[in-house]
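Colleague: Please take a close look at the disulfides of this predicted model and describe how they are placed relative to the strands and the nonpolar cores.

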Amino acid sequence: GNGTIIFTGLPAGTYYLPVMNDPALASLAVGPYTIEVSAEACAAPPANDECAGAIGLDVNITCEPTTGDVFGGTESLPSIECNAFTGDANDDVWYSFVATGPNETISVTGSTTLDAVVELFEGSCGSPVSIACADATVAGELEEIVMGSLVEGTTYFVRVYDYSTGYPATTTFDICI
């Protein structure tokens with residue numbers, strides 16, 4: 001008979017496919033066989049895949065969410081331990097904002113299967129310094145970083161990624177400052 005194996009999100013590389021005869025079916029497995037392999041190119045990474053391409057967010061009195069997406073994102077920095085958990089930053093994306101005062105709240109709500117990890121940085125993209133993180137909930141729930149010591153007029157960077165390896169089934173999230 002024919003068999004089909006589908007791998008999604010497989011990184012580029014060399015793979016080996018074993019072909020063997022099942023002794024229990026030896027009388028059925030006769031004749032030549034063919035193997036067909038096909039692949040699709042990976043999607044281009046999003047514009048905000050790296051810190052230098054961070055999407056600027058407005059700071060608002062009430063949360064006015066912007067929809068983000070980790071699909072196509074690649075790891076910019078290694079994962080950190082946050083709230084005693086260490087996710088996989090293989091799909092991180094970046095945002096920035098200019099603090100309007102010392103008290104700001106960064107809110108991220110993942111979609112149904114996206115378990116958001118949020119990290120706040122100060123400094124430049126060339127040498128960002130992690131100053132806070134949030135990873136206290138699971139997929140589809142709200143993560144928040146509440147700050148009370150930001151410097152007005154300073155640009156800060158926010159990194160968002162899904163906790164799990166690979167891309168989640170639903171790759172979007174809402175973010176607001």
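Modeller: The torsion about the S-S bond of C82 and C133 is about 110°, so this disulfide is right-handed. The two sulfur atoms of C82 and C133 are 2.2 Å apart. C82 belongs to strand 3 (residues 81–82) and C133 to strand 8, and the bond links distant parts of the chain, 51 residues apart. The two ends are set in different surroundings: C82 is buried, with a relative accessible area of 2%, whereas C133 is partly exposed, with a relative accessible area of 30%.

A search of the whole structure, which is a predicted model, finds three disulfides. When the bonded cysteines are numbered in sequence order, the pairing reads 1-4, 2-6, 3-5.

Another of these bonds joins C51 to C125, with an S to S distance of 2.0 Å. Its torsion about the S-S bond is about -70°, so the disulfide of C51 and C125 is left-handed. C51 lies in the segment before strand 1, while C125 lies in the loop between strand 7 and strand 8, so the pair ties together parts that are 74 residues apart in sequence. C51 counts as buried at 7% relative accessibility; C125, with a relative accessible area of 28%, is partly exposed.

The remaining bond connects C63 and C176, with an S to S distance of 1.8 Å. Here the torsion about the S-S bond is about -105°, so the disulfide of C63 and C176 is left-handed. C63 is placed in the loop between strand 1 and strand 2, and C176 in strand 11, so this pair ties together parts that are 113 residues apart in sequence. C63 is partly exposed, with a relative accessible area of 48%. C176, by contrast, is buried, its relative accessible area being 4%.

Strand 11, which holds C176, leads to the sheet. Four strands form an open sheet in the order 2-11-6-9, with antiparallel pairing. Strand 2 (66–69) and strand 9 are the edge strands, each pairing on one side only. On average, and with direction ignored, neighbouring strands of this sheet are turned by 20° against each other. Strand 2 and strand 11 run antiparallel and are joined by four bridges. Within strand 2, D69 stands opposite T172 of strand 11.

The nonpolar cores come next. The largest nonpolar core has 23 residues, of which F97, I106, L120, I145, V158, F173 and I175 touch the most other members. At least two residues of this core come from each of strand 5 (93–98), strand 6 (104–110), strand 7 (116–122), strand 8 (129–134), strand 9 (142–147), strand 10 (155–162) and strand 11 (172–176). Strand 8, which also carries C133, and strand 11, which also carries C176, are thus among the strands that supply this core. A second, separate core of five residues includes C51, A54, W94 and F157. The cysteine C51 of that core is the one bonded to C125. In soluble globular proteins, nonpolar side chains tend to be buried together.

V158 shows the contacts at one position of the largest core. Residues up to four places away in sequence aside, V158 touches V93, W94, Y95, F97, I106, V118, E119, L120 and I175. W94, one of these contacts, is a member of the second core.

Strand 5 deserves separate mention. Five of its six residues are buried, so strand 5 is largely enclosed by the rest of the structure. Strand 1 (residues 55–56) runs parallel to strand 5, and two bridges join them; in this pairing G56 stands opposite S96. Strand 10 runs antiparallel to strand 5, with six bridges between the two. One of the paired positions is V98, whose bridge partner in strand 10 is T155.

The segment before strand 1, in which C51 lies, also contains S38. S38 is exposed, with a relative accessible area of 72%. S38 and I6 are 32 residues apart in sequence, and their C-alpha atoms are 9.8 Å apart in space.

Technical notes. Residues numbered from 1 in each chain as written. Predicted model: local features only at pLDDT ≥ 70, side-chain atom pairs only at ≥ 80, totals over all residues. Heavy atoms only, no water. Core = buried A, V, L, I, M, F, W, Y, C linked by side-chain atoms within 4.5 Å. Buried < 20%, exposed > 50% of the residue type's maximum accessible area, 1.4 Å probe, protein only. Contact = heavy atoms within 4.5 Å. Pairing = 2+ DSSP bridges. Axes fitted to C-alpha atoms, helices over the stretch in contact; angles between N-to-C directions. Disulfide = S-S within 2.5 Å.
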